[in-house]
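Here are my notes on the model, point by point. Please read them with the structure open.

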Protein chains: 2
Amino acid sequence: MNYVSSESNELIKKMKKLVHSSRTCRKEGQTVAEGIHLAKELVNHPELIRAVILRKDALENHEVSEVVSVLPIDKKKFYEVPASVYNVICPVEQSVGICCLIDIPKPAEIKPQEDWVFMDDVQDPGNVGTIIRSALASDVKNVALSVNSAYPWAPKALRAGMGIHFLVNIHTGIELSELKQKTEDICLVADARGGESLFNDDWGYSADKTIWVFGNEGQGVSREVLTLADKVLLIPLNPAVESLNVAMAACVCLFEQKRRRLSKK
Amino acid sequence: MNYVSSESNELIKKMKKLVHSSRTCRKEGQTVAEGIHLAKELVNHPELIRAVILRKDALENHEVSEVVSVLPIDKKKFYEVPASVYNVICPVEQSVGICCLIDIPKPAEIKPQEDWVFMDDVQDPGNVGTIIRSALASDVKNVALSVNSAYPWAPKALRAGMGIHFLVNIHTGIELSELKQKTEDICLVADARGGESLFNDDWGYSADKTIWVFGNEGQGVSREVLTLADKVLLIPLNPAVESLNVAMAACVCLFEQKRRRLSKK
């Protein structure tokens, strides 16, 4: 275990930058994973861990001490810091007191005929993390994001995914046209402004692999995306409600896909 | 328009208390509605508005000036305050600069045979607000909450609902047993720990009215709730994902109900 008492320590300065700038995360290929959910998941990915920062009181929490005892990494990678220093590198107000500096894993190659979710300029890191979680929950193991979407490996988005990021193949800064060409998938676009009802019987692509596209919180999907759509689908809403949050909408669409596939088995 | 420059003004002190304590909201029957979405919705409910607080620069925003010009209330109810005072009563970091002190509307009587959502100790105000929104989006116009759930009229939960609270009949501090008795509805409980698949064909209550029950973020639904369930349902998830966030799970369940009802028409 190392002890660091100063904010001007190089490691702390580096993590502070990563926490405050997703651009830095993207450029450096590293990020900060805060909290017990992420630490537990990292037990299965020790090769990603560069450093584990523990707030002075953190080991008093039995979940933290348990995860620390099973993390299969060198003791030299552990750092104890006072609360004043921890707060500088912690992206949330209430933390159990553990956060890790990690390498962002490299995505796997895009292959034909696999299911994908594509985010078209989804801005909110919480929405991005939640959509990644819903994707995997509904058996979609590949997620791609347009260059103007929130960076999925930024600390906030990573937290919202609750450890799911490490189980999903995540491509960033990619165009839908490229993804569609490489996968040869059917492209389904969720659009609150119009389209066929998600619940119509006839979108029937249950045998095929799909790319589900979800758009920006304010603007929805872009025109370019609409030109690439094989089908534009709309969740029927009570007229008093203008729209669902994009993470909610994605969850409804992805589980409707799952339902259709289960019912065909 | 009134001008208030001090935090020690009685109105400001009152609103500060409401923002920081949902217990005070519950006790006083009043709350603080922050932001443009809520202000727009309040145009249709002017009888609820006690005061409108505008940050000094707020009217420079055209959405704010537009909503202020159409709010059908006495000019005496408007207060302009400097940013330093506004920040004391504003529940969020970034605000367009409008928030209203309002009376919490009284719920309508519980009648037999109407659809309901019941929250069993849902703790997070954001989840509560989001679930209320999903309920109405899926045509469920009545929402009830156990006494240990987050208070739905607390400023944070109100914000998360984005104005939907005023269109829904909301009962707080009620037992599921009472609700079930009064409505004579079928009681459907979502439980991540087990139950029949949500997507099975045979829960077939499409003709009947239902109470959908969603439980605490960590513990799920309570034992008492399970004894009242007519059916316990589970969303089938990829084995790598332990559970969905309760707001996501509620959205999937409520739209599956909506889908079944639409398909029977």
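1. Symmetry. Turn chain A by 180 degrees, with 0.0 Å of shift along the rotation axis, and it superposes on chain B with an RMSD of 0.0 Å. That is the relation of a two-fold axis. Bear in mind that this is a predicted model.

2. The axis and the shared surface. Which residue of chain A comes closest to the rotation axis? Val252(A) does, with its C-alpha at 2.7 Å. Both copies use the same surface: 100% of the contact residues of chain A recur in chain B.

3. The contact between chains. Here 25 residues of chain A are in contact with 25 residues of chain B. On the chain A side, helix 6 (125-137) and helix 10 (246-264) each supply at least two residues. Helix 10 of chain A gives the largest share, seven residues.

4. Make-up of that side. What classes of residue does chain A bring to chain B? The side of chain A that touches chain B has 16 nonpolar residues, six polar and three charged.

5. Helix 6 and helix 10 within one chain. Look at chain B for this pair. The axes of helix 6 (residues 125-137) and helix 10 (residues 246-264) of chain B come within 9 Å. They cross at roughly 10 degrees. Angles under 35 degrees count as roughly parallel, so helix 6 of chain B is roughly parallel to helix 10 of chain B.

6. Residues between these helices. From helix 6 of chain B come Asn127(B), Thr130(B), Ile131(B), Ser134(B) and Ala135(B). They meet Val246(B), Ala247(B), Ala250(B), Cys251(B) and Leu254(B) in helix 10 of chain B. By class, this contact has seven nonpolar residues, three polar and no charged ones.

7. Domains. The domain assignment splits chain A into domain 1 (2-103) and domain 2 (116-264). Over C-alpha atoms, the centres of domain 1 and domain 2 of chain A are 31 Å apart. How many residues does each contribute to the contact? Domain 1 of chain A gives 16 residues, and domain 2 of chain A gives ten.

8. The domain 1 side. Three elements of chain A each give two or more residues to the side of domain 1 that touches domain 2: helix 2 (22-28), strand 2 (30-34) and helix 3 (36-42). The residues on this side of domain 1 of chain A divide into seven nonpolar, five polar and four charged.

Methods. Residues numbered from 1 in each chain as written. Chains lettered and ligands numbered in written order. Predicted model: local features only at pLDDT ≥ 70, side-chain atom pairs only at ≥ 80, totals over all residues. Least-squares fit on C-alpha atoms with pLDDT ≥ 70 in both. Contact = placed C-beta atoms within 7 Å. Domains from an automatic or database assignment. Helix = DSSP H or I, 4+ residues; strand = E, 2+ residues; numbered from the N terminus. Nonpolar A, V, L, I, M, F, W, Y, C, P; charged D, E, K, R; others polar. Axes fitted to C-alpha atoms, helices over the stretch in contact; angles between N-to-C directions. Parallel < 35°, antiparallel > 145°, perpendicular 65-115°, else oblique.
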